[in-house]
Amino acid sequence: MAASLAMVVAVALLLGGGAVEAVWLDLPPTGTKCVSEEIQPNVVVLADYALMYESHPTAHPTVAVKVTSPYGNTVHHNENATTGQFAFTTSEAGNYLACFWLDSPEKGSGVSLNLDWKIGIAAKDWDTVAKKEKIEGVELELRKLEAAVESIHHNLLYLKAREAEMRTVSEKTNSRVAWFSILSLGVCIVVSVLQLWHLQGFFRKKKLI
């Protein structure tokens, strides 16, 4: 039963915004590499990053990192680092951007960086929760499942709000397009009448009609 419950929790994590992403970034000698993630507000984000030195056995380059919110606010900034971590709770909905670049004199040919990015309930320290509340086994899995269900619920509410917002924008756009079409048709009719009136006056002046 515990194994099947753990599988349910894993599926709920995938559906409920508790994302875990481990990515490798090849940082060039010059330039910036960025990763982005669309995140809802009031979501915990936790990430660890570390440089790999296989191609630099003697030199030890360092990296700079900057994480910005959808509105351009800096939520994390670090320089001359070989390893690091950033953690924050989102206050804005949208794409959060994490950018990395080499900032050391020994840039060489570039290095690889390992980024472990956790979002939502995946970023929660369940071992600490289990020790603090003295729970384990099925009870701990049920607690994870409860958190996953809450995350799914918040995700659905967020998607519903986004859908309503997009529907409102679409209706406003359709209304404006309709009014613009009517206005364009009216302008065409007025221009046609004026052209006809001008031609009639021209022909009468030339005594052609």
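These are my notes on the strands of this predicted model and on one surface patch.

**Ground rules.** I number residues from 1 along each chain as its sequence is written, and I leave hydrogens and water out of side-chain values, which use heavy atoms. The model is predicted, so I accept local features at pLDDT of at least 70 and side-chain atom pairs at pLDDT 80 or more, while totals for chains, interfaces and linings use all residues.

**Open sheet.** I looked up the strand order and found E2-E7-E4-E5, four strands with antiparallel pairing. Strands here are DSSP runs (E, at least two residues), numbered from the N terminus; two of them pair if DSSP finds at least two bridges between them. E2 (33-39) and E5 (74-81) are the edge strands; each has a single partner, so one side of each lacks a neighbour in the sheet.

I then checked E2 against E7 (residues 94-102): seven bridges, antiparallel. Ser36 faces Leu97 of E7 there.

**Strand E8.** I turned to E8 (residues 111-119) and sorted its two faces. Val111, Leu113, Leu115, Trp117 and Ile119 make the covered face; Ser112, Asn114, Asp116 and Lys118 make the uncovered one. In a regular strand, side chains alternate between the two faces of the sheet. E3 (residues 44-52) pairs with E8 in the antiparallel sense over eight bridges. I noted Val45 as the bridge partner of Ile119.

**Helix H3.** I found Val191 in H3 (residues 138-205), a DSSP run of H or I with at least four residues. Val191 is partly exposed at 39% relative accessible area (between 20% and 50%, 1.4 Å probe, protein chains only).
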